[in-house]
Structures are given as C-alpha cells and as structure tokens.
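Colleague: Could you take me closely through one part of this predicted model, and set that part in the context of the whole chain? I would value a careful, connected account.

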Amino acid sequence: VFNTMLYYLLTIFLLTLLFGALYKYRIIAVCPICAATVFTWVGGLLAIHLYISWANPLLVAILMGASMGAVAEKYGRQFGFIWKTAMVILGMSSIYFLIQPAGLYKGLGIAAILLTITFFLHKGKPAEYVRGDLFKDCC
C-alpha cells in the first residue's frame, strides 16, 4: 500500500510541475495542484474500473473528496447553502459508489442529480460571459 501511495503522490507532484509550467506561460488558466489532483483521481478511477492491480479505491476517494471540497468551498457563495449542502451529501455518496466497480452507474446517477441541482441553482453570469483565470483564488 505504501508503494501505491508513493506512486499517486509522485504522479500529483510531476503533474503539478507540468501544469505549473503551462500556467506560468499562460497556456492554461487552471490551478496546477487542482488539475494534477483531478487528473490523478480520474486515472485512478479508470484503473479501478479496468481492474488494474495498482488501483487503490481509498486513495482515489481521498483525492476525489479533496476536489469536491475545493469546488464546494470555491463556489459555495455563488450557488448558495442548499447547493453546498447537496454538494457534500451527494458528492460523498457519488464518490462512495464510483470507487466500487459494481456501483459505477449509481455513482454516475448521483453525480447527474448534483449537476442538475447545480444547473437550477446557478445565480451568476452564463458561462459564455466568464472571462479570465477561473482559478485565480483557488489555492
């Protein structure tokens, strides 16, 4: 388990360096550590569902939870208390099912419900009017 954790941490570190360079040269406008974390848990999630031996559901769930918490914190004021509560409750439920091969469709269904709630509670400008660095105050 320790070696697996080191692989995940090394992946996050190397991807953070890559995304940091892309951010520095204004090629992308995303938070480097956030992007590295998401890419790492997406890879881990794919590995779980492809039954790859190094996939570790606990580590993937921890990374997914960190991303979920960051999104809830960043957009909580914009979407409101009901959305933030739904994000935590439905997000945790979705993660619980997504990290289990037999629960993939339940997890995706719960995530779809959360996206629907997000769509209906959106209070800000439409996406096409958002400009600039989307992750300016991220970390």
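**A close look at leucine 50**

Modeller: Leucine 50 sits in the loop that runs between α2 (32-49) and α3 (57-79). In this predicted model, leucine 50 is exposed because its relative accessible area of 59% lies over the 50% cut-off. Leu50 also belongs to a nonpolar surface patch of about 530 Å², which is made by Val38, Val42, Leu46, Leu50, Ile52 and Trp54.

The two helices on either side of that loop also take part in covering another helix, since α2 and α3 are included in what covers the buried residues of α1. Those buried residues are Thr4, Tyr8, Ile12 and Phe19. An α-helix has 3.6 residues a turn, so residues three or four places apart point the same way. Helix α1 itself (residues 2-24) has 23 residues and spans 32 Å from its first C-alpha to its last, close to the 33 Å expected at 1.5 Å a residue. Just after α1, arginine 26 adopts a positive phi of about 60°.

As for confidence, α2 has the highest mean pLDDT among the elements of the protein (96) and α3 the lowest (93), while the mean for the protein is 89, with 87% of its residues reaching 70 or more.

In the wider setting, the protein has five helices and zero strands, and buried residues make up 29% of its 139 residues. The protein exposes about 9400 Å², of which carbon and sulfur atoms supply 72%.

Key: Residues are numbered from 1 along each chain as its sequence is written. This is a predicted model: local features need pLDDT of at least 70, side-chain atom pairs count only at pLDDT 80 or more; totals for chains, interfaces and linings use all residues. Side-chain values use heavy atoms; hydrogens and water are left out. Patches are made of residues with over 30% relative accessible area and no salt bridge: like charges are joined within 9 Å, nonpolar side chains (Val, Leu, Ile, Met, Phe, Trp, Tyr) within 5 Å. Accessible areas come from the Shrake-Rupley method with a 1.4 Å probe; for residues, only the protein chains shown count as cover. A salt bridge is a side-chain nitrogen of Lys or Arg within 4 Å of a carboxyl oxygen of Asp or Glu. Helices (H or I, at least four residues) and strands (E, at least two) are DSSP runs, numbered from the N terminus. Buried means under 20% relative accessible area, exposed over 50%, partly exposed in between (1.4 Å probe, protein chains only). The expected span of a helix is 1.5 Å times one less than its number of residues. Contact means heavy atoms within 4.5 Å. pLDDT is the predictor's confidence in each residue, from 0 to 100.
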